[in-house]
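Hi there,

Here is the model I promised to pass along. Please open it next to this email, and my notes follow below.

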Amino acid sequence: MTISDNCVASFHYTLTDKDGKVLDSSDGREPLAYLHGAGNIIPGLEKELVGKQVGDKLKVAVAAADAYGERSEAMMQELPSNMFSGVDKIEEGMEFHAQTENGMQVVTITAVNGDMVTVDANHPLAGVDLNFDVEITDIREATEEEKTHGHAHGAGGQEH
């Protein structure tokens, strides 16, 4: 069996940036399971996994545009500090969950200037070209429930 739409594929991976710095890895954990074709993983990686089989090992370079997108200045916003009620001291680097028109989003404080706070809603890896070392460990047909839910269930996938 090869990876194609509506199958659940599992793989081990190591994710690095252009300088070889490890950003994430499945080392010591279960392989990552995802429903192919459902947008569960970044588009550039999903595209490269099509047709792969169990045991295949590959290196995949994914441009930022096909990963978490390019950084966007439109995702930066200056807000009054009183919007952060209940927080004693607002500092650069703090992260908050914010309800947006696109649902819940993590924002990072990038600057505090008096009563104004600059937040960045870009994904932390936006604008970063990524490199994956991947080993395919399992491929199976997705269940009807997984297809309906839009993600893999069980080990390495979502638990309900």
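The side chain of Asn-131 has a polar atom 3.3 Å from the backbone oxygen of Asp-17. That falls under the usual cut-off for a polar contact (a pair of N or O atoms within 3.5 Å; within protein, one must be able to donate a hydrogen and the other to accept it, and residues adjacent in sequence count only if both atoms are side-chain atoms). Before you read on, please note that this is a predicted model, in which local features need pLDDT of at least 70 and side-chain atom pairs count only at pLDDT 80 or more, while totals for chains, interfaces and linings use all residues. Residues are numbered from 1 along each chain as its sequence is written, and side-chain values use heavy atoms, with hydrogens and water left out.

Back to Asn-131, which belongs to strand β9, residues 130-141. (Helices, H or I with at least four residues, and strands, E with at least two, are DSSP runs numbered from the N terminus.) Asn-131 counts as partly exposed because its relative accessibility is 26%; the scheme calls a residue buried under 20% relative accessible area, exposed over 50%, and partly exposed in between (1.4 Å probe, protein chains only). Leaving aside residues up to four places away in sequence, Asn-131 touches Thr-14, Leu-15, Thr-16, Asp-17, Lys-18, Val-60 and Ala-61, where contact means heavy atoms within 4.5 Å. Lys-59 is 72 residues from Asn-131 in sequence, yet their C-alpha atoms are 7.1 Å apart.

Next, strand β1. It spans residues 7-16, and 8 of its 10 residues are buried. Two strands pair if DSSP finds at least two bridges between them, and here is what that gives for β1:

- With β9, the pairing is antiparallel over 10 bridges, and Leu-15 sits opposite Phe-132 of β9.
- With β3 (residues 32-35), there are 4 bridges, again antiparallel, and Val-8 faces Leu-35.
- With β2 (residues 22-25), 3 antiparallel bridges are found, and Thr-14 is opposite Ser-25.

The hairpin of β1 and β2 has 5 residues between the strands, and Gly-20 there takes a positive phi near 85°.

One last spot to look at: is His-153 buried or exposed? His-153 lies in the segment after α2 (144-149), and it counts as buried because its relative accessible area is 16%. Its side chain also makes a polar contact of 3.5 Å with the side chain of Glu-145.

Happy browsing, and do write back with any questions!

Best wishes
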